[in-house]
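Colleague: I would like to go through this model with you, question by question. Please show it first.

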Amino acid sequence: MQEQMEDEKPKYGARVYGMRGRLLVKQTVLRGVPPEYVIDEQKERHVSENDDSAIARAIRDAVAGNLDPQEKQTLQNLLAEITEENLHNEVGTGNASGRENW
């Protein structure tokens, strides 16, 4: 019975988290005794909550065990996501502490 379990392919799943207009899809893998789904290393992908095909693709990839680690964000890509709807005013951080000079 133990040999049979070792020959089986790992079982994968997906967890989806909502974050301010974006979704984070994380790949999970069935591990442990008793078996439970746990986050599979750094295999995750950010997708827009309005992009149904990207959401479906990310979940399909995760369940198949093929969710590649997300490409690193560039400053240019991050700045391109700024819109009138998600732009906020300056944030006060209080008085300087220590030897800060403003």
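Modeller: Here it is. The accessible surface of the protein is about 8,900 Å². Carbon and sulfur atoms account for 49% of that surface. Keep in mind that this is a predicted model.

Colleague: In what order do the elements of the protein run from the N terminus on?

Modeller: The protein has three helices and three strands. Read from the N terminus on, their order is α-β-β-β-α-α.

Colleague: What percentage of the residues in the protein is buried?

Modeller: A residue is buried when its relative accessible area is under 20%. The protein has 102 residues. The buried share of them is 16%.

Colleague: Among contacts between residues at least 6 apart in sequence, what share joins residues at least 24 apart?

Modeller: Contact here means heavy atoms within 4.5 Å. Of the contacts between residues at least 6 apart, the share joining residues at least 24 apart is 38%.

Colleague: Which element gives the largest share of the largest nonpolar core?

Modeller: In soluble globular proteins, nonpolar side chains tend to be buried together. The largest nonpolar core here has eight residues: L23, V25, V47, A54, I55, A58, A62 and L67. Strand 2 and helix 2 are the elements that give two or more residues to this core. The largest share, four residues, comes from helix 2.

Colleague: Take V25. Which residues does V25 touch, not counting those up to four places away in sequence?

Modeller: V25 is one of the core residues. Its contacts include the core members V47, A58, A62 and L67. V25 also touches I59, K43, E44 and R45. The rest of its list is A14, R15 and V16.

Colleague: Now the charges. How many salt bridges does the structure hold?

Modeller: Side chains of opposite charge can pair when their charged atoms come close. One such pair is E44 with K26. Another is R31 with D40, and R45 pairs with D61. The structure's count of salt bridges is three.

Colleague: How far apart are the closest N and O atoms of E44 and K26?

Modeller: E44 lies in strand 3 and K26 in strand 2 (residues 22-31), so this salt bridge links distant parts of the chain, 18 residues apart. The two side chains also make a polar contact. The closest N and O atoms of the salt bridge are separated by 3.2 Å.

Colleague: Is E44 buried or exposed?

Modeller: The relative accessibility of E44 is 19%. The cut-off for buried is under 20%. E44 therefore counts as buried.

Colleague: Which residue forms a salt bridge with R45?

Modeller: The closest N and O atoms of the pair are 3.1 Å apart. R45 lies in strand 3 and its partner in helix 2 (residues 52-64), so the bridge ties together parts 16 residues apart in sequence. The partner is partly exposed, with a relative accessible area of 22%. That residue is D61.

Colleague: What is the relative accessible area of D40?

Modeller: D40 is placed in strand 3 (residues 36-48). Setting aside neighbours within four places in sequence, D40 is in contact with Y12, Q27, T28, V29 and R31. D40 counts as buried because its relative accessible area is 5%.

Colleague: And its partner R31: what is the C-alpha to C-alpha distance between R31 and P10?

Modeller: R31 is in strand 2 and is partly exposed, at 41% relative accessibility. Its side chain joins that of D40 in a polar contact of 3.5 Å. Beyond four places in sequence, R31 touches E36, V38, I39 and D40. R31 and P10 are 21 residues apart in sequence, and their C-alpha to C-alpha distance is 8.4 Å.

Colleague: How much accessible area do L75, L79, I82 and L87 have together?

Modeller: These four form a nonpolar patch on the surface. One of them, I82, sits in the segment after helix 3 (75-80). I82 is partly exposed, with a relative accessible area of 43%. Together, the patch residues have an accessible area of about 410 Å².

Definitions and conventions. Residues are numbered from 1 along each chain as its sequence is written. This is a predicted model: local features need pLDDT of at least 70, side-chain atom pairs count only at pLDDT 80 or more; totals for chains, interfaces and linings use all residues. Side-chain values use heavy atoms; hydrogens and water are left out. Buried means under 20% relative accessible area, exposed over 50%, partly exposed in between (1.4 Å probe, protein chains only). A salt bridge is a side-chain nitrogen of Lys or Arg within 4 Å of a carboxyl oxygen of Asp or Glu. Patches are made of residues with over 30% relative accessible area and no salt bridge: like charges are joined within 9 Å, nonpolar side chains (Val, Leu, Ile, Met, Phe, Trp, Tyr) within 5 Å. Accessible areas come from the Shrake-Rupley method with a 1.4 Å probe; for residues, only the protein chains shown count as cover. A nonpolar core is a set of buried Ala, Val, Leu, Ile, Met, Phe, Trp, Tyr and Cys residues joined through side-chain atoms within 4.5 Å. A polar contact is a pair of N or O atoms within 3.5 Å; within protein, one must be able to donate a hydrogen and the other to accept it, and residues adjacent in sequence count only if both atoms are side-chain atoms.
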